[in-house]
There are 2 protein chains.
Amino acid sequence: MSEVKAVIITIGDELLSGRTVDTNAAWIAAQLNRQGIEVLRRVTVGDNAEAIRAALDEELPRASVCLLTGGLGPTADDVTKPLLCAYFGGRMVVNEDVLAHVAALFRKRNRPFLDSNRRQAEVPDVCTVLHNSLGTAPGMWFEQDGKVIVSMPGVPYEMMGLMEDEVLPRLRQRYFSDVIVQRCIITAGEGESFIAERIKDLEAALPQHIHLAYLPQPGMVHLWLTGKGQDERQLIREVELYQREIAGRIEELVIALEDITLEQLLGKAFISMGKTLGLAESCTGGMIAHKLTEVMGAAGYFQGSIVCYQEHVKERVLGVRHETIARHHVVSEAVAEEMAAGARQVLRSDYGFGITGLLSPGDDESVPVGTVYMAVTDGQRTVVRRLQLQYDRIRNKEIATRMAMVLIWKFIHGKL
Amino acid sequence: MSEVKAVIITIGDELLSGRTVDTNAAWIAAQLNRQGIEVLRRVTVGDNAEAIRAALDEELPRASVCLLTGGLGPTADDVTKPLLCAYFGGRMVVNEDVLAHVAALFRKRNRPFLDSNRRQAEVPDVCTVLHNSLGTAPGMWFEQDGKVIVSMPGVPYEMMGLMEDEVLPRLRQRYFSDVIVQRCIITAGEGESFIAERIKDLEAALPQHIHLAYLPQPGMVHLWLTGKGQDERQLIREVELYQREIAGRIEELVIALEDITLEQLLGKAFISMGKTLGLAESCTGGMIAHKLTEVMGAAGYFQGSIVCYQEHVKERVLGVRHETIARHHVVSEAVAEEMAAGARQVLRSDYGFGITGLLSPGDDESVPVGTVYMAVTDGQRTVVRRLQLQYDRIRNKEIATRMAMVLIWKFIHGKL
């Protein structure tokens, strides 16, 4: 275990009402972990001086580092700065660098610089001011009783800039901590308990300083190995040894040995091959295309998707033959194959994929609910798979989408 | 402020390492707030018995309700259940109902029922078991010193099912002898403070037992009126009177007077009109189609979407003219219009919609990042709107998707 422990306090009424998901805390935690600083706890409180004071009183004794975000904006409900000033026994002074920076930002944004904006340049005289290049509220670095307390704005990109430019380098410099090495194994096709049973002996044999965690996701399980130690190179060797050993035991389920989403994995693979992809989606209703286009740079390989929610679209746009549907049913191997071929032709892509299924009960009872056929083709060879899903509509759609991406990945890697 | 206060404790190493964003906490907080239960704090700790114990020791004195999620899976790193059992002075016993449910789930999924799975059916004998219809880990309801402590699995959809089916109804029954009546007003197009200003006098005139809450979402604000009282019929009349009065004041912003998503709203509207819809999506990459098809029965009006992530797909499949793109730019009013018309024709739908934009920085600097054009047509009349979005790619995509649905809704209701 690392000697340097951190707590994260996120401040904001909007976090307690549930209007805003606290993405800052996860991002900060990931950065600290990468530095070898262990996050012990995360606490969220409202924009309320007493609650912030109580959180500081309770959290500071636990850890050597305390990072706060939120509550630094210009509006009246921001109570964090005066509270921190009082808490650390300082008084508010105007910082000339911050004042010049804020005034410049206002000029750049063509907004009048009012007297009330001057307050944004006030900082407690007991902190080191951290330059916020992306916004008006500076970061504040306090030290007390050998502990470090840092306050940052809650706007995600401002907080991220401050962390990367100021906070992380200063923390690295100040602390010599254990190295943390994390490696993952991404699997698809079996559940957590099946995998746990398969690798039970390997898990039991892990040394004290290496920990295995399971993160189940629809249709997939991510395994994370976390090792802590002093010698980074030796630790990497050691953790990667266990990673290979476990991955080898469940080889047919492994799709990646790095922390990556399926959509990123596909993007990387297609772009590195210089090949393109086109989709024809019926039951997934555009969700595969939606996922693929969440990744920046998807335009580098993704041509598009024909979301064909009606038979006439399958026939007219994709060229699926009417008699194929009539003879085999719209949810069938044959239709999935013609959809994949149609997508490849219509979208002029190297690879084509088609998916058709019945995800929730409807009028049509000629196929069982949860039946899905998907096909992938490169123009030469076509592979079709059938899924039998068993959850509700939304969950089935998500699993079908993930399984579709796994199928495409396996196909282009010659694993089918 | 409500007399019933709650704290939320989320458990999981993956939350502290930052690998997983804690979406459960926000969802739970929003549900509790709607019931009139105020969330005081949120705390996250790792899969570690001592840390969970310390969090319970510290948080229980603050609130009457404490909700926990996570740490209930079948693998070795789950420590929550035994800890809770010891904390509340119970012993573990096999619950036959849970055992039967877990075994049935395994049969249904065609998975071997392993010994480690039997442990899933063990529960402390000092809790009320809450049935988890969507997964193997049951919820557990403890009472101590007049306080309620509920433990739920961390898998979001299982937790949501448990909250809706078991936890919220039981909390209502326990804490509110009063009848609660809630009515909502869903608005689009203006922010929270604009609406608050417009209805200031109406809000101030609300009686003590009726409360108004604002829930802003990207591009929208949901207003919730919550009334508490003894006589349900009278309370309904009273709350609906205020609902109509407030909705009347901001009529042009109101899109629904019921708790309904945009995709449900569009589905209801199209099906009741007996009309159909076809889409052409560039920058939203299929997300609008994905959202519309989350709703059961979407096949009753939704024809499909041409996800045209490349210019050649816009031209070849949708019939957007090459010279329109060359002259006006692919992100332009003219291209959005031709996409909408193309979608309507190619998908043989009554209404056509097209959207094109630049959601994140790329090579193309000829339009500002965040520029989006969207068009909707019925074949006679076409309306185009421009958006200027200012967040990151994923957030911009989500806002564009919502704004697209609002535009279509307003168009078919003659509000444009």
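**Exercise 1. Determine which residue of strand 3 of chain B is the bridge partner of B:Ile8, and describe the setting of that strand.**

Solution. In this predicted model, B:Ile8 has B:Leu67 as its bridge partner in strand 3 of chain B.

Step 1. The pair belongs to a wider pattern: strand 1 (residues 5–11) and strand 3 of chain B are paired in the parallel sense over five bridges.

Step 2. Strand 3 of chain B is also joined by five bridges to strand 8 of chain B, again running parallel. Here B:Leu67 has B:Val150 of strand 8 as its bridge partner.

Step 3. Side chains in a regular strand alternate between the two faces of the sheet. In strand 3 of chain B, one side carries B:Val65, B:Leu67 and B:Thr69, while B:Cys66 and B:Leu68 lie on the other; all are buried, and both faces are covered.

Step 4. Five of the five residues of strand 3 (residues 65–69) of chain B are buried, so this strand is largely enclosed by the rest of the structure.

**Exercise 2. State the strand order of the open sheet formed by four strands of chain A, and explain why one side of strand 10 and of strand 12 lacks a neighbour.**

Solution. Step 1. The order is 10-11-9-12, and the pairing is antiparallel.

Step 2. Strand 10 (210–217) and strand 12 (254–256) of chain A are the edge strands; each has a single partner strand, so one side of each remains without a neighbour in the sheet.

Step 3. On average, neighbouring strands of this sheet are turned by 30° against each other, direction ignored.

Step 4. The partner of strand 12 can be examined residue by residue. Strand 9 (residues 179–188) of chain A is linked to strand 12 by two bridges, and the two run antiparallel. A:Thr187 is placed opposite A:Val254 of strand 12.

Step 5. The domain assignment of chain A lists domain 1 (5–174), domain 2 (179–256) and domain 3 (262–412). Between the C-alpha centres of domain 1 and domain 3 of chain A there are 46 Å.

**Exercise 3. Characterise the side of chain A that touches chain B, by elements and by residue class.**

Solution. Step 1. Contacts involve 61 residues of chain A and 65 residues of chain B.

Step 2. Several elements of chain A each supply at least two residues to this side, among them helix 2 (23–34), strand 10, strand 14 (302–308) and helix 16 (393–412).

Step 3. By class, the side of chain A comprises 30 nonpolar, 19 polar and 12 charged residues.

Step 4. Strand pairing also crosses between the chains: strand 14 of chain A and strand 14 (residues 302–308) of chain B run antiparallel and are joined by five bridges. Within this pairing, A:Ser305 stands opposite B:Val307.

**Exercise 4. Locate A:Arg348 and B:Asp145, and decide whether each is buried, partly exposed or exposed.**

Solution. Step 1. Most residues other than glycine have a negative phi. A:Arg348, however, has a positive phi near 50°, and B:Asp145, also not a glycine, has a positive phi of about 50°.

Step 2. A:Arg348 lies in the loop between helix 15 (333–346) and strand 15 (351–357) of chain A. B:Asp145 occupies the loop between strand 7 (139–144) and strand 8 (147–152) of chain B.

Step 3. A residue counts as exposed with 12 or fewer other C-beta atoms within 10 Å, and as buried with 20 or more. A:Arg348 has 16 and is therefore partly exposed; B:Asp145 has 7 and is therefore exposed.

Note on methods:
Residues numbered from 1 in each chain as written. Chains lettered and ligands numbered in written order. Predicted model: local features only at pLDDT ≥ 70, side-chain atom pairs only at ≥ 80, totals over all residues. Pairing = 2+ DSSP bridges. Axes fitted to C-alpha atoms, helices over the stretch in contact; angles between N-to-C directions. Domains from an automatic or database assignment. Contact = placed C-beta atoms within 7 Å. Nonpolar A, V, L, I, M, F, W, Y, C, P; charged D, E, K, R; others polar.
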